[in-house]
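Good morning, and thank you for coming. I would like to take the group through one structure today, element by element. Please look at the display before we begin.

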Amino acid sequence: MQRLLADLGEPQRRYPAIHVVGTNGKSSTALLTAALLRAEGLHVGAYVSPHVRAWSERIQLDGLDADLEVALARVRPHAEGATQFEVLTAAALAEFAAREVDVAVVEAGLGGRHDATNVLAAPVVVLTNVALDHIEVLGNTREAIAAEKLAVVTAGAAVVLGEPEWEPVARANGASRVEVPGASNLALAVAAAEAHLGRPVDPHAADAVALPGRFERRGEQPLEIWDGAHNLAGIGYLLPRLPAHDYTIVASVLADKDAEAMLRALTAVGTTFVATRSSNARALPAEELAHLAAPHFACVETVSDAAAAVDRARSLAGPDGALLVTGSLYLLADLYNPYDGPRT
């Protein structure tokens with residue numbers, strides 16, 4: 001990643017950045033932060049992942065998708081040996097430099113210490129939360145995972161935490177200032193924007209921000225909610241916020257997640273489950289997910305095609321029912337876009 005950026009003229013050094021790390025809520029926090037900064041008159045770049053509607057969703061300028069082909073064309077001549085995520089990250093950082101942004105809000109992909117985004121030396125770092133996820137890479141305790149994520153902190157950075165227990169880790173990595181405004185994405189975004197600006201911002205400036213696949217209402221009568229909660233902590237955040245209904249649930253889950261625990265949690269809001277599979281190569285086969293779900297739900301069906309699974313669930317729910325589509329943002333991406341090859 002460092003070689004690639006050196007070939008591109010070190011674009012990441014041409015603007016300050018706010019680096020967003022954490023287990024869940026990173027994209028929401030990043031885009032809320034970007035919206036708050038735009039409302040203050042700044043020219044703002046934002047980089048998030050994964051996408052739901054389209055690849056171009058990952059690189060945004062002032063709230064609009066960048067021209068992805070232009071951004072990628074700038075990087076391709078230098079990209080031999082780079083991974084897909086490294087190329088996308090470099091394209092984003094170079095695009096922000098070319099467009100002369102005042103600040104970039106950059107979401108980490110996985111962890112922090114070895115993530116492709118850890119080239120920023122960001123003056124502001126946000127850690128949304130820490131849960132047991134990607135333990136095979138980041139460690140099997142929350143403490144180990146927090147250390148990996150907060151390894152992006154450089155000396156003198158301001159750090160915004162969703163959970164107070166990580167303040168000693170942030171301090172040990174050189175944070176000059178630590179703030180713990182609360183666990184909500186908006187509270188974190190407000191604190192991050194204010195840390196960058198050095199003055200208060202209006203939280204209502206982010207009221208219009210809506211992310212596809214994050215508590216997205218696709219229908220009201222009957223109620224249909226799409227939320228890409230992809231791990232147990234994400235499910236735990238989602239469930240108490242759902243309107244009270246007996247939901248028909250459609251889900252795909254990646255093989256490296258605690259599918260059994262996620263399924264047990266989902267029984268709190270529904271008795272009917274339709275197992276499907278996203279196009280991500282790491283997704284559990286629909287039949288395996290259905291087998292895991294069978295002891296927990298009164299009715300379990302298997303429909304491997306994602307769109308057909310949603311159609312079947314709508315039929316099972318009926319006109320007075322409610323539908324919840326969850327378990328993976330990759331599933332929602334497949335529903336937005338017909339299958340075009342494995343997604344990463």
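I shall speak about a sheet, the helices packed beside it, a pair of helices elsewhere in the chain, and two loop residues.

Please keep in mind throughout that this is a predicted model.

Let us begin with the sheet. It is an open sheet of 6 strands, and the order across it is β9-β10-β14-β11-β12-β13, with mixed pairing. Which strands form the edges? They are β9 and β13, the latter covering residues 299-302, and each of these pairs on one side only. From one strand to the next, the twist averages 15°. As a general reminder, strands of a sheet pair through backbone hydrogen bonds, and the pairing may be parallel or antiparallel.

We can now walk across the sheet in that order. Strand β9, residues 216-220, pairs with strand β10, residues 223-226, in the antiparallel sense, over 4 bridges. A hairpin of 2 residues connects β9 to β10. Within this pair, R217 stands opposite I225 of β10.

I225 also leads us to the next strand. Its bridge partner in β14 is L324. Strands β10 and β14 run parallel and are joined by 4 bridges. On from β14 we reach β11, and these two pair in the parallel sense over 5 bridges. Here Y247 has A322 of β14 as its bridge partner. Strand β11, residues 247-251, pairs in turn with strand β12, residues 272-275, again in the parallel sense and over 4 bridges. In that pair, T248 stands opposite T272 of β12.

Let me pause on β14. Is this strand mostly covered or mostly exposed? It is mostly covered, for 5 of its 5 residues are buried. A322, L324 and T326 point one way from the strand, while L323 and V325 point the other way, and all of them are buried. Both directions from β14 therefore lead to buried side chains in this model.Next come the helices associated with this sheet. Strand β11 pairs with β12 in the parallel sense, as we saw. Helix α12, residues 306-317, packs on the sheet and touches β10, β11, β12, β13 and β14. The direction of α12 makes about 170° with that of β11.

Helix α13 covers residues 329-336, and 6 of its 8 residues are buried, so this helix is largely enclosed by the rest of the structure. Which residues of α13 are buried? They are L329, Y330, L331, L332, A333 and D334. These buried residues pack against β10, β11, α12 and β14. At the N-terminal end of α13, S328 acts as a cap: one of its side-chain oxygens lies 3.1 Å from the backbone nitrogen of Y330.

How do α12 and α13 meet? Their axes are 9 Å apart, and the two helices pack at an angle of about 90°. They are therefore roughly perpendicular to each other. From α12, the residues A306, A307 and V310 meet L331, D334 and L335 of α13. By class, this contact comprises 5 nonpolar residues, no polar residues and 1 charged residue.

A second helix pair offers another example. Helix α3, residues 68-75, and helix α4, residues 84-98, have axes that come within 8 Å and cross at roughly 105°. That angle makes α3 roughly perpendicular to α4. On the α3 side we find L68, V70, A71, L72, R74 and V75, which meet V87, L88, A90, A91, A94, E95 and A98 of α4. The contact of α3 with α4 has 11 nonpolar, no polar and 2 charged residues.

I turn finally to two loop residues. The loop between β7 (158-161) and α7 (167-172) contains E163. Is E163 buried or exposed? Its relative accessibility is 17%, so E163 counts as buried, the cut-off for buried being under 20%. What does the side chain of E163 approach? One of its polar atoms lies 3.0 Å from the backbone nitrogen of V130. The side chain of E163 also makes a polar contact of 2.8 Å with the side chain of W166. Setting aside neighbours within four places in sequence, E163 is in contact with N129, V130, R142 and V180.

The other residue is G41, found in the loop between α2 (26-39) and β2 (44-47). At 63% relative accessibility, G41 counts as exposed. From G41 to V70 there are 29 residues in sequence and 25 Å in space, C-alpha to C-alpha. V70 belongs to the α3 side of the helix contact that I described a moment ago.

That concludes my presentation, and I thank you for your attention.

Methods
Residues are numbered from 1 along each chain as its sequence is written. This is a predicted model: local features need pLDDT of at least 70, side-chain atom pairs count only at pLDDT 80 or more; totals for chains, interfaces and linings use all residues. Side-chain values use heavy atoms; hydrogens and water are left out. Two strands pair if DSSP finds at least two bridges between them. Axes are lines fitted to C-alpha atoms, for helices over the stretch in contact, and angles run from 0 to 180 degrees between N-to-C directions. Angles under 35 degrees count as roughly parallel, over 145 as roughly antiparallel, 65 to 115 as roughly perpendicular and the rest as oblique. Contact means heavy atoms within 4.5 Å. Ala, Val, Leu, Ile, Met, Phe, Trp, Tyr, Cys and Pro count as nonpolar, Asp, Glu, Lys and Arg as charged, and the others, Gly among them, as polar. Buried means under 20% relative accessible area, exposed over 50%, partly exposed in between (1.4 Å probe, protein chains only). A polar contact is a pair of N or O atoms within 3.5 Å; within protein, one must be able to donate a hydrogen and the other to accept it, and residues adjacent in sequence count only if both atoms are side-chain atoms.
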